[in-house]
Amino acid sequence: MLFVRERFVFDYAVVRVVPRVERGEFVNAGVILFSSTQGYLDARIDLDRDRLKMLAPSLDLDVIASYLEAIPQICAGGGEPGSIGSLPQRARFHWLVSPRSTVIQTSEVHSGVHEDPKAALEALFEKLVRRPKE
């Protein structure tokens, strides 16, 4: 008998820091993943300060980091991230990935399937955010 693991659909977007919007250059800083069938919404964030400093030496990285830190809090919901945290998961995801013309933006939303949304988030984070080992 062949055992087939159930796979679940998810949507994700890459979080980007765009220091000079007019130039369009960016550094990937995280991934947000949402699976409505699994009731899962989470984000992994890691700001590569060195790469960002090369693009924008005068950027206040502590301010950027504080904004990025709010993303996983919004995913978790509750009172800590303010009124946005009280919205349903789907609404929080759509709020996080809505198009913006600010320093912190997200890519377009992509879809995928996986047995485990947490494992999918980790795999996407490693592939799209982490710098390759030299």
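Start at Gly 77, the residue that follows helix H2 and has a positive phi, near 80 degrees. The model on screen is predicted.

**Helix H2**

From Gly 77, step back and select H2, residues 61-76. H2 has 16 residues, and from its first C-alpha to its last it reaches 24 Å, close to the 22 Å expected at 1.5 Å a residue. Go to the start of the helix and show the side chain of Asp 60: one of its oxygens comes to within 3.2 Å of the backbone nitrogen of Asp 62.

Next, colour the buried residues of H2, which are Leu 61, Ile 64, Ala 65, Leu 68, Ile 71, Ile 74 and Cys 75. An α-helix has 3.6 residues a turn, so residues three or four places apart point the same way. To see what lies over the buried residues of H2, display strands S1 (8-17), S2 (27-35) and S3 (40-45) with helix H1 (49-55), H3 and S4, which are included in the cover.

**The largest pocket**

Keep H2 selected and turn to the largest pocket, with a volume of about 250 Å³. Its lining has 13 residues; select Tyr 67, Ile 71, Trp 95, Arg 100 and Ile 104, the closest to the pocket centre. Two or more lining residues come from each of helix H2, helix H3 (89-97) and strand S4 (104-106). Which element gives the most to this lining? H2 does, with 5 residues. Coloured by class, the lining shows 9 nonpolar, 3 polar and 1 charged residues. Ile 71 appears twice on this tour, as a buried residue of H2 and among the residues closest to the pocket centre.

**Thr 106, in S4**

Move to strand S4 and select Thr 106. Thr 106 counts as buried because its relative accessibility is 18%, under the 20% cut-off. A polar atom of the Thr 106 side chain lies 3.3 Å from the backbone oxygen of Val 97. Beyond four places in sequence, the contacts of Thr 106 are Ala 13, Val 14, Val 15, Ile 32, Leu 96, Val 97 and Ser 98.

**Val 18, in the loop between S1 and S2**

Select Val 18, in the loop between S1 and S2, and measure from its C-alpha to that of Ile 104: the separation is 6.1 Å, for residues 86 apart along the chain. Is Val 18 buried or exposed? Val 18 counts as buried, at 5% relative accessibility. Apart from neighbours within four places in sequence, Val 18 is in contact with Glu 25, Phe 26, Thr 102, Val 103 and Gln 105.

**Leu 33 and Ser 35, in S2**

Now select Leu 33 in strand S2. Its relative accessible area is 0%, so Leu 33 is buried. Leaving out neighbours within four places in sequence, the contacts of Leu 33 include Phe 10, Tyr 12, Leu 41, Ala 120 and Leu 124. A C-alpha to C-alpha line from Leu 33 to Glu 122 spans 9.8 Å, with their places 89 residues apart in sequence.

The last stop is Ser 35, also placed in strand S2. Ser 35 counts as buried because its relative accessibility is 0%. Show its side chain with that of Thr 37: a polar contact of 3.4 Å joins the two. Outside four places in sequence, Ser 35 is in contact with Phe 8, Val 9, Phe 10, Tyr 40 and Pro 117. Tyr 40 and Pro 117 are also in contact with Leu 33.

Definitions and conventions:
Residues are numbered from 1 along each chain as its sequence is written. This is a predicted model: local features need pLDDT of at least 70, side-chain atom pairs count only at pLDDT 80 or more; totals for chains, interfaces and linings use all residues. Side-chain values use heavy atoms; hydrogens and water are left out. On a 1 Å grid over the protein atoms alone, a cavity is a set of points where a 1.4 Å probe fits but cannot get out, and a pocket is an open set with protein on both sides within 12 Å along at least five of seven lines; lining residues have an atom within 4 Å of a point. Grid points are joined across faces, edges and corners, and a volume is the space filled by probe spheres set on the points. Helices (H or I, at least four residues) and strands (E, at least two) are DSSP runs, numbered from the N terminus. Ala, Val, Leu, Ile, Met, Phe, Trp, Tyr, Cys and Pro count as nonpolar, Asp, Glu, Lys and Arg as charged, and the others, Gly among them, as polar. The expected span of a helix is 1.5 Å times one less than its number of residues. Buried means under 20% relative accessible area, exposed over 50%, partly exposed in between (1.4 Å probe, protein chains only). Contact means heavy atoms within 4.5 Å. A polar contact is a pair of N or O atoms within 3.5 Å; within protein, one must be able to donate a hydrogen and the other to accept it, and residues adjacent in sequence count only if both atoms are side-chain atoms.
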